[in-house]
Amino acid sequence: MLIFCGGGQISTSQKVVTDIEQKTALPPLGFGTADLKGDIREIVLNAIQSGYRLIDTAAVYGSEEAVGKAIREAADRGLVRREALTVQTKLAPDSHGYYKTLQGFEESLNRLRLDYIDVYLIHWPVGRGEEETYREKNMETWQAFAELKSKGRIRHVGVCNFLERHLLDLIGSGYGCPEINQLELHPGYQQRGLVRFCRERGIVVEAWSPMGRGILDSKKFIAIAAKYGKDIGQLALRWSIQKGFIPLTRSSSLRRIAGNMDIFGFEILREDMEELDALNTNDGYMDIWSYKRQQMY
Ligand SMILES: NC(=O)c1ccc[n+]([C@@H]2O[C@H](COP(=O)([O-])OP(=O)(O)OC[C@H]3O[C@@H](n4cnc5c(N)ncnc54)[C@H](OP(=O)(O)O)[C@@H]3O)[C@@H](O)[C@H]2O)c1
């Protein structure tokens with residue numbers, strides 16, 4: 001059962017895992033496929049074998065085809081049925097608008113060679129070259145998303161990197177509220193106001209780059225991880241889960257793929273959560289064009 005756009009507070013710890021799984025029917029942890037090094041099909045197959053049930057890809061990652069192959073191979077080998085996997089992909093930022101969205105969706109589906117997509121997301125709120133028209137474009141895209149969903153071709157519709165003003169446009173469009181917002185979230189960049197806004201509207205929050213950008217190498221982070229007998233990546237993922245996010249993590253290393261699943265048997269104590277929370281700098285990834293446009297428009 002889903003409670004998207006219905007509100008609901010998510011608090012702490014193990015309970016969160018249960019809440020996220022029960023309330024959203026989404027797996028509590030996802031495997032990301034941007035910038036994987038090596039044979040992507042093999043890596044994703046390994047992730048599935050290690051227990052990941054949510055696979056995140058995007059039109060712009062160049063990984064959709066390999067993800068589709070891994071899913072079919074996993075099914076053929078009897079590891080997991082396709083229906084037991086949540087496959088999520090994203091509309092490219094240069095494909096906004098009604099017809100381009102429909103075309104972009106078909107192209108993703110063809111590359112994945114699937115019959116339907118579990119979660120379809122708008123990758124960024126402002127597409128290339130559409131700074132002046134992005135609001136209209138987003139409305140058109142959202143209408144196309146709603147139609148695809150009503151036809152059963154998408155199970156859940158959502159967005160990435162949408163700020164409050166971008167979300168409000170969609171919420172007021174008459175085509176439904178986004179069910180998911182996928183955001184850069186880690187102890188160094190917590191976007192607390194935006195997360196609160198999403199929570200109040202029952203929008204599920206996914207966390208991309210949960211391992212942060214350098215902050216995990218701080219002495220404080222390393223010391224807290226050691227206290228729990230975990231590595232810094234595992235601590236970052238556990239922090240994310242206790243925050244009520246669905247973290248999406250990525251690794252090209254078989255050891256880390258498996259190790260990053262081993263985060264459900266411990267709980268970060270409140271005082272340590274507070275120490276990790278204090279690492280927030282509110283300094284996101286501002287040096288890329290998509291982030292600049294997100295902030296400007
Ligand atoms: N919507 C968006 O705009 C957006 C933007 C960026 C990313 N994403 C999605 O989010 C996914 C995750 O983000 P990300 O790729 O930045 O992932 P991440 O998990 O935060 O970082 C991956 C990096 O951390 C390393 N790593 C993995 N496990 C580790 C561990 N236990 N200890 C130390 N280091 C570890 C990996 O190296 P090794 O490979 O060597 O293990 C890799 O260099 C992406 O793959 C993509 O699917 C979405």
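The following paragraphs lead through the strands, helices, ligand shell and two unusual backbone positions of a predicted model.

The account begins with strand S2 and moves along the chain. Strand S2 (residues 54–56) is joined to strand S3 (residues 86–91) by three bridges, and the two strands run parallel. Within this pairing, Leu-54 has Thr-86 of S3 as its bridge partner. Between the two strands comes helix H3 (residues 64–76), and S2, H3 and S3 together form a right-handed β-α-β unit. From S3 the chain crosses through helix H4 (residues 98–112) to S4, again in a right-handed β-α-β crossover. Strand S3 itself is mostly covered, with six of its six residues buried.

On to the next pairing. S3 and S4 are parallel and share four bridges; one of the bridge partnerships sets Thr-89 against Tyr-120 in S4. Strand S4 (residues 117–122) also pairs with S5, in the parallel sense and over five bridges. Here Ile-122 finds its bridge partner in Val-159 of S5. The connection is made by helix H5 (residues 134–150), which with S4 and S5 makes a right-handed β-α-β unit.

Strand S5 (residues 154–160) is mostly covered as well, since six of its seven residues are buried. Three bridges join S5 to strand S6 (residues 180–184), and these strands run parallel. In this pair, Gly-158 stands opposite Ile-180 of S6. The path from S5 to S6 passes through helix H6 (residues 164–171), and this β-α-β crossover is right-handed.

Helix H6 shows how burial is distributed around a helix. Its residues His-166, Leu-167 and Leu-170 are buried. Viewed down the axis of H6, the buried residues fall within an arc of 95°, and therefore they line one face of the helix. The general geometry is that an α-helix has 3.6 residues a turn, so residues three or four places apart point the same way. The elements covering the buried residues of H6 include H5 and S6.

Two loops contain residues with a notable backbone torsion. Gln-191 is not a glycine, yet its phi is positive, near 45°. Gln-191 sits in the loop between S6 and helix H7 (192–200). Is Gln-191 buried or partly exposed? Gln-191 is partly exposed, because 19 other C-beta atoms lie within 10 Å, whereas a buried residue needs 20 or more. Ser-209, likewise a residue other than glycine, has a positive phi of about 50°. The place of Ser-209 is the loop between strand S7 (204–208) and helix H8 (219–227). Ser-209 has 21 C-beta neighbours inside 10 Å and so counts as buried.

The ligand is the last topic. There are 25 residues around the ligand, of which Gly-32, Trp-208, Met-211, Gly-233 and Ser-251 come nearest. Which elements each supply at least two residues of this shell? They are helix H9 (232–242), strand S8 (246–249) and helix H10 (254–259). H9 gives the largest share, three residues. In terms of residue class, the shell comprises 14 polar, seven nonpolar and four charged residues.

Methods:
Residues numbered from 1 in each chain as written. Predicted model: local features only at pLDDT ≥ 70, side-chain atom pairs only at ≥ 80, totals over all residues. Buried ≥ 20, exposed ≤ 12 C-beta atoms within 10 Å, placed from the backbone. Pairing = 2+ DSSP bridges. Right-handed = clockwise from strand over helix to strand, strands pointing away. Near = placed C-beta within 6 Å. Nonpolar A, V, L, I, M, F, W, Y, C, P; charged D, E, K, R; others polar. Arc of directions from axis to C-beta. Contact = placed C-beta atoms within 7 Å.
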